[in-house]
2 protein chains.
Amino acid sequence: MTEAMRVGVDAYPTRKADRPQWLERQDPVVYNQVLNQEVIDKEQLAFYEENGYLFFESFFTDGEVAAYKSELKQLLEDSRNTDRPEIVREPGSDEVRSVFAVHRSNEVFRELTAHPRLQAVVQQILGGPVYVHQSRINFKPGFTGKEFYWHSDFETWHAEDGMPRMRALSCSLALEDNTIFNGSLMVVPGSHRVFVSCVGATPDNHYRDSLRKQEIGVPDQESLTKLVEQYGLKMPVGKAGSLLLFDCNLMHGSSGNISPLPRSNVFCVFNSVENRLEEPFSAAQPRPDFIATRSE
Amino acid sequence: MTEAMRVGVDAYPTRKADRPQWLERQDPVVYNQVLNQEVIDKEQLAFYEENGYLFFESFFTDGEVAAYKSELKQLLEDSRNTDRPEIVREPGSDEVRSVFAVHRSNEVFRELTAHPRLQAVVQQILGGPVYVHQSRINFKPGFTGKEFYWHSDFETWHAEDGMPRMRALSCSLALEDNTIFNGSLMVVPGSHRVFVSCVGATPDNHYRDSLRKQEIGVPDQESLTKLVEQYGLKMPVGKAGSLLLFDCNLMHGSSGNISPLPRSNVFCVFNSVENRLEEPFSAAQPRPDFIATRSE
């Protein structure tokens, strides 16, 4: 670790102790409480602050969704026969699970991350200019789509990417209908207020496996049980074109998809320009730039 | 196959052709339309006939559920360190997935299968006396509970057990709350009206693997897609003590359970005494008696 790069202390130590700890959040959830746009109202902002997520039905028009889906189809076909590192496959098969950094490789998805209404909401919550920390398309095919186990994104971004504070959020744009049948995202509302540290040191080049199936950076079962007892579970579902925003530290996961209905989404993480990456807090090397932007 | 044992023709051939086929159901769904009990009414009977399932909130009292749960806990402990064939474990682990023939090995569960209100409904639908074709406890632990892929029970019972006609139904009694979060049963309502034949011959002693993870006797993806397009999906959920009845040929399955909330149920299949097992229709040997009753 280059000490010169370390700006602040480690506010959220993880993968360092041999038992999990619950640490209180030390950062705001909503950074600008003064409404300065017309896309969300006061109640929605309060809901986001309280629950750590916000769901919009039909945030995008049918036309926009059709364009994104057409682009996704092309991207999936282009991805099948390449071994670019941006393309992550299912554990135990060659099916494409995710394509990373689509805001760089694809003009349509680059424009999506600059979408004015989306930017307005994100900048309201994070209190100023943001940049894309990570973007990807996730494919969850029908019949065989695999689960994503519970995790806080921030735990990984802090440990492996060096994101210092909680001032980032994720957007998930549904390109197919999300239902209770096809492995939609489950969240623990309110869990963004506590940081559950994880046990186990980060192996070298951990990302190559963890993007397929994560084993380090996973919260312990006892903490998850307590969180769910305390806060419950929600599954925000809606039609293609709906948008889910959630705080970087919200505990979330999704079941496998045995239904015939595929579920794919565009996933994009915005980070405040005031919260640029430092050296990783719990890993020997930072992850590659296509997973965690350092260069823009 | 002993020809002397074959009473009728094979009304639902499966695992014989090299392409799947859709065959129209040749049997009634409700065998006695004249209401002769007070547990279900005319609308419920019509719902069952139309959709192939019926869900009852609080069919069993809290006291009954507590007694069953206590018995289940004991059964699970007794099951850990034995290698009785009635005990089926999770693929890839030693966790108990199912315990079969609990109506024989356990007095409390034997009484459950004779429960007067349950018997009244079952005999109404199947038109007369029934016997227990199969009983089991299914455990779906939190965090790691595995999926059950789509299937029609009747397809297996016909092929491997020699059940000649569709005159049986399954009861699933929830011992914990069933929610949209913990891998509850999904059904294709109306699918009980079509028999989707499967491709691939039954291997010898298939049951040893198929009870853990089924690969033969699984409907093809194209048929499942068409069924769901035509009929949609439902997930009947409710509190502990709720009861789900479903027709032997209803297409159903369930996702894995990553939630902390375990889901276990008592599962019991009743078959009409007019529909006793013959020789298997598509297997060299019948399955053991603890999976498919022949001896009572």
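These are my notebook entries on a sheet, a helix, one threonine and a chain interface in a predicted model.

**Entry 1: the sheet**

I began with the strand order in chain A. The sheet is open and has seven strands, in the order β2-β10-β7-β12-β5-β4-β3, and the pairing is antiparallel. I then looked up the edges: β2 (53-56) and β3 (87-89) of chain A each pair on one side only. From one strand to the next, the twist averages 15°.

I picked one pair to follow in detail. Strand β7 of chain A, residues 168-174, pairs with strand β10 of chain A, residues 243-247, over five bridges in the antiparallel sense. For a register check I took A:Leu173, whose bridge partner in β10(A) is A:Leu243.

**Entry 2: the helix across the sheet**

Which strands does helix α5 of chain A lie across? I find β2, β5 (130-140), β7, β10 and β12 (263-272) of chain A. The helix covers residues 116-126 and runs at about 155° to β7(A).

**Entry 3: A:Thr113**

I placed this residue in helix α4 of chain A, which spans residues 107-113. Is A:Thr113 buried or exposed? Its relative accessibility is 10%, so I enter A:Thr113 as buried; the cut-off for buried is under 20%.

I next looked for a polar partner of the side chain. A polar atom of the A:Thr113 side chain lies 2.7 Å from the backbone oxygen of A:Arg110. I also listed the contacts of A:Thr113, leaving aside neighbours within four places in sequence: A:His103, A:Gln119, A:Val132, A:Cys268 and A:Phe270. Among these, I note that A:Gln119 falls within the residue range of α5 of chain A.

**Entry 4: the two chains**

I superposed the copies. A turn of 180° and a shift of 0.0 Å along the axis lay chain A on chain B with an RMSD of 0.0 Å. I therefore record the relation as that of a two-fold axis.

I then turned to the interface. How many residues does each chain bring to the contact? I count 24 residues from chain A and 24 residues from chain B. Between them, chain A and chain B bury about 2,000 Å², and 76% of that is on carbon and sulfur atoms. I looked up which residues of chain A supply the most: A:Phe143, A:Phe181 and A:Ile258 give 36% of the area that chain A buries against chain B, more than any other three residues.

Last, I compared the two sides. Of the interface residues of chain A, 100% are also interface residues in chain B, so the copies meet through the same surface.

Notes:
Residues are numbered from 1 along each chain as its sequence is written. Chains are lettered from A and ligands numbered from 1 in the order in which they are written. This is a predicted model: local features need pLDDT of at least 70, side-chain atom pairs count only at pLDDT 80 or more; totals for chains, interfaces and linings use all residues. Side-chain values use heavy atoms; hydrogens and water are left out. Two strands pair if DSSP finds at least two bridges between them. Helices (H or I, at least four residues) and strands (E, at least two) are DSSP runs, numbered from the N terminus. Axes are lines fitted to C-alpha atoms, for helices over the stretch in contact, and angles run from 0 to 180 degrees between N-to-C directions. Contact means heavy atoms within 4.5 Å. Copies are superposed by least squares on the C-alpha atoms of residues with pLDDT of at least 70 in both. Buried means under 20% relative accessible area, exposed over 50%, partly exposed in between (1.4 Å probe, protein chains only). A polar contact is a pair of N or O atoms within 3.5 Å; within protein, one must be able to donate a hydrogen and the other to accept it, and residues adjacent in sequence count only if both atoms are side-chain atoms. Buried area is the accessible area (1.4 Å probe) that two parts lose on being put together, summed over both.
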